[in-house]
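Colleague: I have a new model to look at, and I want the reasons behind its labels. Can we go through them?

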Amino acid sequence: MNCCNANGHCTQGRDCPIRKQRMKETNDAYVKGFLIGQEAPLDDIADTFKVLLAMIAVIATLTLLAYVIWGK
C-alpha cells in the first residue's frame, strides 16, 4: 500500500504508514545524536571526578608554593 503521490508527499495525512516510518527514523536519529559519546555515563562521572581531584592537587600545590615564596 503506497500512500504517497509521485512527488513523495503523503496523501493520507497522519495515518500514512510511510510518513510514520519517516517520523520514527527522524526521532530516533535525533535521540541518538544526544547519546554520541555517552555510552557509559558512570565512567564519565568517574573520569570527571579524577580530573577534579587532579585540579585540586595542582591548585593546592601552586598556592602553597606561592605562600612559601612570597609571604607570611
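**Labels and their reasons**

Modeller: Start with Leu 65, which sits in helix α2, residues 41-70. Keep in mind that this is a predicted model.

Colleague: What makes Leu 65 partly exposed?

Modeller: Its relative accessible area is 47%. Buried means under 20%, and exposed means over 50%. The value for Leu 65 falls in between, so the label is partly exposed.

Colleague: Which nonpolar patch on the surface includes Leu 65?

Modeller: The patch is formed by Val 58, Leu 62, Leu 65, Tyr 67, Val 68, Ile 69 and Trp 70. Together they have about 830 Å² of accessible area. A patch residue needs over 30% relative accessible area. Leu 65 has 47%, so that condition is met.

Colleague: Now the charges. Why is the pair Asp 28 and Lys 24 called a salt bridge?

Modeller: Their closest N and O atoms are 2.9 Å apart. The cut-off is 4 Å between a Lys or Arg side-chain nitrogen and an Asp or Glu carboxyl oxygen. The pair is within it, so the name applies. The structure holds one salt bridge.

Colleague: What does helix α1 have to do with the pair?

Modeller: Asp 28 and Lys 24 are four residues apart in helix α1, residues 17-35, which means about one helical turn separates them. Side chains of opposite charge can pair when their charged atoms come close.

Colleague: How do you know whether Asp 28 and Lys 24 are buried or exposed?

Modeller: Asp 28 has 33% relative accessibility, and Lys 24 has 46%. Both values lie between 20% and 50%, so both residues are partly exposed.

Colleague: And Gly 13, in the segment before α1: what label does it get?

Modeller: Gly 13 is at 36%, between the two cut-offs, so it counts as partly exposed. Its C-alpha atom is 9.0 Å from that of Cys 3, 10 residues apart along the chain.

Colleague: How much of the protein chain counts as buried?

Modeller: Of its 72 residues, 4%.

Note on methods: Residues are numbered from 1 along each chain as its sequence is written. This is a predicted model: local features need pLDDT of at least 70, side-chain atom pairs count only at pLDDT 80 or more; totals for chains, interfaces and linings use all residues. Side-chain values use heavy atoms; hydrogens and water are left out. Buried means under 20% relative accessible area, exposed over 50%, partly exposed in between (1.4 Å probe, protein chains only). Helices (H or I, at least four residues) and strands (E, at least two) are DSSP runs, numbered from the N terminus. Patches are made of residues with over 30% relative accessible area and no salt bridge: like charges are joined within 9 Å, nonpolar side chains (Val, Leu, Ile, Met, Phe, Trp, Tyr) within 5 Å. Accessible areas come from the Shrake-Rupley method with a 1.4 Å probe; for residues, only the protein chains shown count as cover.
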